[in-house]
Protein chains: 2
Amino acid sequence: MAEEIMINERIKNQILRSLASGSKTFWEIVNRQDGTLKELYQTLNKLIKDNIIKRDGEKFYLNNQTSLKFYPDPRCEHCRGGIEIKGEYQKIFETYKNIVKNRPLPSIEYDQGFISAEDAMRRAIFMYERGDIENKAVFILGDDDLVSIAIGLLGVSRKITVLEIDKRLTDFINDVSKEYNLNIKTITHDVLDSFPKKEMNKYDTFLTDPVETLEGFILFTYRCMQALKKRNSAGYFGLTHIEANLEKWYHIQKFILSTGMVITDIIRDFSYYPEDENQWVENYNHYLINKKLKIGIPNTNWFRSSFFRVEAYDKIKLKKHPRLKSTYKLYVDDEAWCTVENKNWK
Amino acid sequence: MAEEIMINERIKNQILRSLASGSKTFWEIVNRQDGTLKELYQTLNKLIKDNIIKRDGEKFYLNNQTSLKFYPDPRCEHCRGGIEIKGEYQKIFETYKNIVKNRPLPSIEYDQGFISAEDAMRRAIFMYERGDIENKAVFILGDDDLVSIAIGLLGVSRKITVLEIDKRLTDFINDVSKEYNLNIKTITHDVLDSFPKKEMNKYDTFLTDPVETLEGFILFTYRCMQALKKRNSAGYFGLTHIEANLEKWYHIQKFILSTGMVITDIIRDFSYYPEDENQWVENYNHYLINKKLKIGIPNTNWFRSSFFRVEAYDKIKLKKHPRLKSTYKLYVDDEAWCTVENKNWK
């Protein structure tokens, strides 16, 4: 029986992108993609058979000039651990910073708080680097971080949808999307309500920055997985150590694995929540930590999260999710020491 | 009932280290430690009660001058995602580079291949940053990477033990340890043999760079967990995408969680295996990938791995491990496309 040819779309995109900047040896190609040697071999062979790639001795090259938009390697030159915003990314970042200057401020009603513009841009670039937004349908649940706009500005996604409870945000994203022609669709929707049927199993990639109660966290990622369609779909989310101890991390990871998704990346302190821009000084009077220790207003950005990437190694298996009705339980647990309890939560 | 005071030794060390360079606000302390606000609060309160730390308004400081050896924040200033070797680390790194110049070359009999000196140093510094080697007993299973020496040179561990099959390596480490007074203990031992009773449950931290068959990988990490003693113990290991597909990652992660350990960090491409220094050009004739695709000798470093950190959120639970006898099965599976099969493997 002939060897079954498995084509991994993500790896295919990573190969094409790498060759778009000129011919490469096999080893240079390996270095810029995420598959095993076996997967790479199969994908490369298929691309050669389909005449998309040609070979001249040790060099592989694109058969036709590509119309593919591609960006340079964003890995940090100093430590390789993170993402550096440089070159072409820098120009996009300038536009992004200009846009988010007029963003809505965080609402305590939805326990909001956004990451810095720089870290939002880094999230988008990291997702690009992994091959998860190029030609992909991207689903974002809750976007006070406005990463949808950063992804939109990269201009390589097939589709971007934001599901968000806060009309101030969906309005803002719609306006920006229209002005910059980003083609982002928004849906004003509460995560506690059932997932919109029309969006089910329609997306390749999700992004969310969930609340950090265990029930809330699982609800957010569950909803996101409802949006995904198949094998090799990927997801991204932030999780802190500040309001989530390792036991909570454990249960979250158990849940992730139970769906057939694997954790491929956890980058510590990837995203900082800037004090100045969030303008939430007033909140500090209400935090439990400040009531206990009276430690005043921060003189540094300290709230930060790890950035997770997960990928479906097989079909996603979701059990029925128990209905969660309480907004209070969504936002508050024993570790929520820097959350402002809101009178509207029930 | 009075609130139970939980002291986390790792967080305690991170606090003391942060204050060793001068007084700090609460928010500056949070920023340099890994616990929740609740854990930090409890640990800080205990240190104040024990008169180790004092407070003056918003600043916390050490009550007595510390004899604690402490190093600066090694996080990369450009992207925060990885480790930068700078300042005091740079001096240690120079010594380290000098030492490893005369290292034993990789033996294909044990499927060896070492990471670059720079990346070995980065591993040691990252483990230090996380609070896992300061005053800790460190257990290393297999050390052709010679990270034991990098950790030894930092000079903050209570104990370092290397379990290693290759006598050339244990001899080399012993000589260096004696010359530089690093106090590293080595045990020449085959991972297929039962774990030495005397070393069971004696360590706080493990490090290993396992083979990448599923059975082999689990055996290596299982042995390492046998060395660990309790809650909050931590472990580190490398895992590639190159010889391990996501299904294998999935089963590895299932195993990790089944022991009660949580994955806290996965840093992609943290460690590169330098072609020149490993001097393994000859091997390329034997790799399956080269037989299939005839792609010659690499013109770049391409073999690399993600670096994992895991931590026990509770007691470690290990089921009895089935005995694995075959060296062949330890080293070879369907994905080992750049492994040289050895005639001694059975």
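Where does A:Lys317 lie in chain A? In this predicted model, A:Lys317 sits in the loop that links β10 (304–312) and α12 (327–331) of chain A.

How much of A:Lys317 is accessible? Its relative accessibility is 44%, and because buried means under 20% and exposed means over 50%, A:Lys317 counts as partly exposed. The residue also has company at the surface: A:Lys317 helps form a positive patch together with A:Lys254, A:Lys319, B:Lys254, B:Lys317 and B:Lys319. Lysines of chain A and chain B therefore both appear in this patch, where residues qualify with over 30% relative accessible area and no salt bridge.

Now to the strands. In chain A, an open sheet is built from three strands in the order β1-β3-β2, with antiparallel pairing. Its edge strands are β1 (24–25) and β2 (53–56), each of which pairs on one side only.

Here is a pairing from each chain, with a pair of residues that stand opposite one another.

| Strands | Sense and bridges | Opposite residues |
|---|---|---|
| β2(A) and β3(A) (residues 59–62) | antiparallel, four bridges | A:Asp56 and A:Lys59 |
| β2(B) (residues 53–56) and β3(B) (residues 59–62) | antiparallel, four bridges | B:Arg55 and B:Phe60 |

If you follow chain B from β2(B) to β3(B), you will find that the two strands form a hairpin with two residues between them. What is the phi of B:Gly57 in the turn? B:Gly57 has a positive phi of about 60 degrees.

How values were computed. Residues numbered from 1 in each chain as written. Chains lettered and ligands numbered in written order. Predicted model: local features only at pLDDT ≥ 70, side-chain atom pairs only at ≥ 80, totals over all residues. Heavy atoms only, no water. Patch = residues over 30% accessible without salt bridge, like charges linked within 9 Å, V, L, I, M, F, W, Y side chains within 5 Å. Areas by Shrake-Rupley, 256 points an atom, 1.4 Å probe, with all protein chains shown as cover. Salt bridge = Lys/Arg side-chain N within 4 Å of Asp/Glu carboxyl O. Lys, Arg positive; Asp, Glu negative; His and termini not counted. Charge placed at Lys NZ, Arg CZ, Asp CG, Glu CD. Buried < 20%, exposed > 50% of the residue type's maximum accessible area, 1.4 Å probe, protein only. Pairing = 2+ DSSP bridges.
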